[in-house]
Amino acid sequence: GQWLHLRNLERLQIDRGRFPAYGPELRAAMIAEAVLFFGDVVRQGRSALTLIDSDHTFVNGPLATLYGFADLAGIGPEFRRVELPEGSPRGGVLTMGAVLAVTSNPTRTSPVKRGLWVLDQILGTPPPPPPPETPPLEQAQAALPENPTPRDLLSAHLIDPNCAVCHVRMDPIGLALENFDAIGAWRDADESGPIDASGVLPEGVRFVGPEELKGVLLGRSDRFLANLTRELLTYALGRGVEPFDRPTVDRIVRRAHERGDSVAALIEGIVLSDAFRTCRGVRR
């Protein structure tokens, strides 16, 4: 709940007029999918990298309908583990309805929020907050063409160098997930036309769509494993991770790497660490 921001989903007021499928039943199913998937990764001793990309997930009837799994739409409220067909855009937490919805606005997607979420929750490299003197985005958007596309709107971030320094990192990542609407259903086009899900990072890395984005993230697995360890350690200690915890994190990741980078090994490393064994008990 803390790591994926699932708790925020309860407070998100998705526009039911635009997204009539979204309601308490679907919201509960989204959260359940993430919990079941994470639990499966831990219990089965799977690599933590499965959290970025996997060949399976868990769905019930409402979630199967949202994901376009027509043969499973009638299974009812019970969840099933399903193998994803080759080429499926699903797999891993990035393409789960819960994550895609919680990083959206009530009426539309938000490439900025999605890009920020990936930088922060997956890579552990969040950009700094915007400077206080940043002008309203609407001022920059005034120079855009009539009926701008989402990509056109995001280009307004690049006009001011103070904004561009962060948005050149966030926006391409979020745009790679634009084929998913505000509640996570796949779409090939939106109101402005066909979706362009391509992106280029400042260092020149190019990708198109969620599958290639996941490949980029897997290529930065060291950052992901270190960040996931920090997230788990924060939960275990009941406090934020400090700079003096870095040797502990490095040691846990290194030992887990010898065991296939499994989440179970990360948890074991935390439990056996001095940081955990000497911390004061925290009432939850």
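A nonpolar core is a set of buried Ala, Val, Leu, Ile, Met, Phe, Trp, Tyr and Cys residues joined through side-chain atoms within 4.5 Å. In this predicted model, the largest such core has 72 residues. The residues with the most contacts inside this core are Leu9, Met30, Leu51, Val93, Ile122, Phe224 and Leu228. In soluble globular proteins, nonpolar side chains tend to be buried together. Leu9 offers a good place to begin looking: leaving aside its neighbours within four places in sequence, Leu9 is in contact with Tyr22, Arg27, Met30, Ile31, Ala98, Ala101 and Val102. Among these partners, Met30 also appears in the list of core residues with the most contacts.

A word on confidence is helpful before going further. The protein chain has an average pLDDT of 90, and 90% of the residues score at least 70. Confidence is highest in helix H3 (residues 97-102), at a mean of 98, and lowest in helix H5 (residues 137-141), at a mean of 50. Where pLDDT is low, the predicted coordinates should not be read in detail.

The two strands S1 and S2 come next. Strand S1 (residues 56-59) and strand S2 (residues 80-83) pair in the antiparallel sense, over 4 bridges. Within this pairing, Val59 stands opposite Arg80 in S2. The side chains of S1 are divided between two directions: His56 and Phe58 point one way, Thr57 and Val59 the other, and all are buried.

The loop leading into S1 is also worth a visit. Thr50 lies in this loop, between helix H1 (24-43) and S1. Thr50 counts as buried because its relative accessibility is 15%, and the cut-off for buried is under 20%. A polar atom of the Thr50 side chain lies 2.9 Å from the backbone oxygen of Ser47. Farther along the sequence in either direction, beyond four places, Thr50 is in contact with Phe37, Val41, His56 and Gly92. One of these partners, His56, belongs to S1. Arg43, in helix H1, has a relative accessible area of 63% and is therefore exposed. The C-alpha atoms of Arg43 and Val263 are separated by 9.0 Å, although the two residues are 220 residues apart along the chain.

Helix H4 (residues 111-122) can be followed in some detail. H4 has 12 residues and reaches 16 Å from its first C-alpha to its last, close to the 16 Å expected at 1.5 Å a residue. Its buried residues are Pro111, Arg114, Gly115, Trp117, Val118, Leu119, Gln121 and Ile122. An α-helix has 3.6 residues a turn, so residues three or four places apart point the same way. The cover over the buried residues of H4 includes H3, helix H6 (150-155), helix H7 (161-175), helix H8 (209-218) and helix H9 (221-237). Leu116, also found in H4, is partly exposed, with a relative accessible area of 34%. Not counting residues up to four places away in sequence, Leu116 touches Pro127 and Met170. Its C-alpha is 8.2 Å from that of Asp171, a residue 55 places away in sequence. After H4 comes Gly124, with a positive phi near 70 degrees.

Positive phi values also turn up outside glycine. Most residues other than glycine have a negative phi, and most peptide bonds are trans. His5, in the segment before H1, has a positive phi of about 65 degrees although it is not a glycine. With 27% relative accessibility, His5 counts as partly exposed. Asp261 lies in the loop between helix H10 (246-257) and helix H11 (263-272), and its phi is positive too, near 60 degrees. Asp261 is buried, with a relative accessible area of 10%.

Two further residue pairs round off the tour. Leu237, in helix H9, is buried at a relative accessible area of 4%. Leu237 and Arg280 are 43 residues apart in sequence, and their C-alpha atoms are 8.2 Å apart in space. Gly68 sits in the loop between helix H2 (61-67) and S2 and is exposed, with a relative accessible area of 57%. Gly68 and Ser110 are 42 residues apart in sequence and 22 Å apart in space, C-alpha to C-alpha.

How values were computed. Residues are numbered from 1 along each chain as its sequence is written. This is a predicted model: local features need pLDDT of at least 70, side-chain atom pairs count only at pLDDT 80 or more; totals for chains, interfaces and linings use all residues. Side-chain values use heavy atoms; hydrogens and water are left out. Buried means under 20% relative accessible area, exposed over 50%, partly exposed in between (1.4 Å probe, protein chains only). Two strands pair if DSSP finds at least two bridges between them. Contact means heavy atoms within 4.5 Å. pLDDT is the predictor's confidence in each residue, from 0 to 100. The expected span of a helix is 1.5 Å times one less than its number of residues. A polar contact is a pair of N or O atoms within 3.5 Å; within protein, one must be able to donate a hydrogen and the other to accept it, and residues adjacent in sequence count only if both atoms are side-chain atoms.
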